[in-house]
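Here are a few notes to read with the model open beside you. Take them one at a time and find each spot as you go.

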Amino acid sequence: MKTTSTIARYLAGVIFLVFGLNGFLHFIPLPPPAGVAGQFMGALYVSHYLWVIFAFQVIAGVLLLLNRYVPLAVAMLAPVIVNILTFHALMAPSGLPLALFVALLWAVIFI
């Protein structure tokens, strides 16, 4: 089980580091969501709240990859994951499988 937890930690670290950096550097082109999801993301973008979310993702991803302060990193990611799950469950269901996968990785890190 320790090996599974280590793999989950590294995989979650890479995912959050890459997507967090993408929020700042825009190296993965993502089309803007439509409808209510687009309005919600527009409000987050205009208020610069997304910068805070991306910063939390980058910091937690680096901590997971370095295997330092892992409980802190997992605690930082908990509200981010809840918001990702809620966003995809209610507004953009096409991203729900990846959101569930990330939530599963988060849970496996504790095992």
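The points below go through one pocket and two residues.

1. Before anything else, keep in mind that this is a predicted model.

2. Let's start with the largest pocket. Its volume comes to about 1,500 Å³. The lining takes in 42 residues, and the ones nearest the pocket's centre are Met 41, Leu 50, Phe 54, Phe 87 and His 88. Five elements each give two or more residues to that lining: α1 (2-25), α2 (35-46), α3, α4 (70-90) and α5 (96-109).

3. Which element gives the most to the lining of the largest pocket? That's α4, with nine residues.

4. What about the chemistry of the lining? Sorted by class, the largest pocket's lining has 31 nonpolar and 11 polar residues, and no charged ones.

5. Now look for Gln 57, which sits in helix α3, residues 49-66. Is Gln 57 buried or exposed? Its relative accessible area is 6%, and buried means under 20%, so Gln 57 counts as buried. Setting aside neighbours within four places in sequence, Gln 57 is in contact with Phe 16, Leu 17, Phe 19, Gly 20, Leu 77, Val 80 and Ile 84.

6. Next up is Leu 21, over in helix α1. Leu 21 has a relative accessible area of 31%, so it's partly exposed, a label for values between 20% and 50%. If you don't count residues up to four places away in sequence, Leu 21 touches His 26, Phe 27 and Val 58.

7. One last distance to check: Leu 21 and Phe 56 are 35 residues apart in sequence, and their C-alpha atoms are 10 Å apart in space.

Technical notes
Residues are numbered from 1 along each chain as its sequence is written. This is a predicted model: local features need pLDDT of at least 70, side-chain atom pairs count only at pLDDT 80 or more; totals for chains, interfaces and linings use all residues. Side-chain values use heavy atoms; hydrogens and water are left out. Helices (H or I, at least four residues) and strands (E, at least two) are DSSP runs, numbered from the N terminus. Buried means under 20% relative accessible area, exposed over 50%, partly exposed in between (1.4 Å probe, protein chains only). Contact means heavy atoms within 4.5 Å. On a 1 Å grid over the protein atoms alone, a cavity is a set of points where a 1.4 Å probe fits but cannot get out, and a pocket is an open set with protein on both sides within 12 Å along at least five of seven lines; lining residues have an atom within 4 Å of a point. Grid points are joined across faces, edges and corners, and a volume is the space filled by probe spheres set on the points. Ala, Val, Leu, Ile, Met, Phe, Trp, Tyr, Cys and Pro count as nonpolar, Asp, Glu, Lys and Arg as charged, and the others, Gly among them, as polar.
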